[in-house]
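Reader: I am new to this structure. Please take me through one part of it, slowly enough to follow.

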Amino acid sequence: MSANKPLVSVLMIAYNQADYIQQALTSVLDQICRFEFEVILSNDASSDNSDKLISDIIINHSNGFRVRYFNQPINLGMNSNFAFAYEKCKGKYI
């Protein structure tokens, strides 16, 4: 990602989404666009292997550098996790 502010922030929250997170995150990262974007992903202290799957995608996907990943140490709850992730977004459009 360039030093420029991204035009779009894709906000994703997760809690025990091991069955779905790989497809969801990969589908966002596979998009081809002519503007800067970032992915803000906040994992709400999942007890499954969501963290490992997310980390592997970030390391191995060619656009993994676009992901700003937060693995919460304690469960915040859906609304608080969303608010946390929203505050991290830098894009003009979320």
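Reader: In which hand does helix 1 cross helix 2, right or left? Please look closely at helix 1 and what surrounds it.

Author: This is a predicted model. Helix 1 passes helix 2 in a right-handed crossing. Helix 2 spans residues 50-60. The axes of helix 1 and helix 2 lie 10 Å apart, and the angle between them is about 25 degrees. Angles under 35 degrees count as roughly parallel, and therefore helix 1 and helix 2 are roughly parallel to each other.

Now the strands. Strand 1 covers residues 8-14. Strand 1 and strand 2 run parallel, and seven bridges join them. One facing pair is S9 and E38, with E38 in strand 2. Helix 1 sits on the path between these strands: the chain goes from strand 1 through helix 1 to strand 2. This β-α-β crossover is right-handed.

Next, follow the chain out of helix 1. Helix 1 covers residues 21-29, and strand 2 covers 37-43. The loop between helix 1 and strand 2 holds D30. The relative accessible area of D30 is 47%. Partly exposed means between 20% and 50%, so D30 is partly exposed.

D30 also has a partner elsewhere in the chain. Its side chain makes a polar contact of 2.7 Å with the side chain of H61. Then there is S62. In sequence, D30 and S62 are 32 residues apart. In space, their C-alpha atoms are 8.9 Å apart.

Technical notes
Residues are numbered from 1 along each chain as its sequence is written. This is a predicted model: local features need pLDDT of at least 70, side-chain atom pairs count only at pLDDT 80 or more; totals for chains, interfaces and linings use all residues. Side-chain values use heavy atoms; hydrogens and water are left out. Helices (H or I, at least four residues) and strands (E, at least two) are DSSP runs, numbered from the N terminus. Buried means under 20% relative accessible area, exposed over 50%, partly exposed in between (1.4 Å probe, protein chains only). A polar contact is a pair of N or O atoms within 3.5 Å; within protein, one must be able to donate a hydrogen and the other to accept it, and residues adjacent in sequence count only if both atoms are side-chain atoms. Two strands pair if DSSP finds at least two bridges between them. A crossover is right-handed if, with the strands pointing away from the viewer, the path from the first strand over the helix to the second runs clockwise. Axes are lines fitted to C-alpha atoms, for helices over the stretch in contact, and angles run from 0 to 180 degrees between N-to-C directions. Angles under 35 degrees count as roughly parallel, over 145 as roughly antiparallel, 65 to 115 as roughly perpendicular and the rest as oblique. A crossing is left-handed if the near helix is turned anticlockwise from the far one by less than a right angle, and right-handed if clockwise.
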